[in-house]
Amino acid sequence: MASVKQVQITFDCASPQRVARFWSEALGYVLPTPPEGYASWEAYDAEQPPEERDSWSACSDPEGVGPRLFFQRVPEGKTVKNRVHLDIRAGTGLVGDERLAALESECVRLEALGATRGTLLLADEENESCQNMQDVEGNEFCLD
């Protein structure tokens, strides 16, 4: 029986390069190098037909541990809640006020990158506290 060796997570979005820049900063990922002969992706895009500009982007874990994220432009906008989302593990192993402080610190950092703060879910008998958020195009994710 074959086993999966790698997973890529794909986002449908309006501006793949913008969303890829957000997630690369959020996760410490890296963007791919531009095609040979181009100093930047912007320079590459400038030479493409308008319909091909900013049609895709990606970012990946520089250590090769986490999954690659791929971003593709789609014509329709986001209209409903995500069925799948990413959790950024900002408070692993922390509890109480120490966990809340770690979540708040990460939340402030991500807001500076363009994220939007959502609901803070406080710890209960089963779960530790987590912070709901949205990326630069409204895709939900959690700090936990």
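Which strand gives the most to the lining of the largest pocket? Strand β1 (residues 8–13) does, with five residues.

**View 1. The whole chain in a predicted model.** This is a predicted model, where local features need pLDDT of at least 70 and side-chain atom pairs count only at pLDDT 80 or more, while totals for chains, interfaces and linings use all residues. Residues are numbered from 1 along each chain as its sequence is written, and side-chain values use heavy atoms, with hydrogens and water left out. Here you meet three helices and seven strands (DSSP runs numbered from the N terminus: H or I of at least four residues for helices, E of at least two for strands). Their order along the sequence is β-α-α-β-β-β-α-β-β-β.

**View 2. Lining of the largest pocket.** Of the 23 lining residues, F11, D12, K78, N82 and N139 lie nearest the pocket centre. A pocket is an open set of points on a 1 Å grid over the protein atoms alone, where a 1.4 Å probe fits, with protein on both sides within 12 Å along at least five of seven lines; lining residues have an atom within 4 Å of a point. By class, the lining holds ten nonpolar, six polar and seven charged residues (Ala, Val, Leu, Ile, Met, Phe, Trp, Tyr, Cys and Pro are nonpolar; Asp, Glu, Lys and Arg charged; the others, Gly among them, polar).

**View 3. Where α1 meets α3.** On the α1 side, look for F22, E25 and A26; they meet E106, R109 and L110 of α3 (contact means heavy atoms within 4.5 Å). Three nonpolar, three charged and no polar residues make up this contact.
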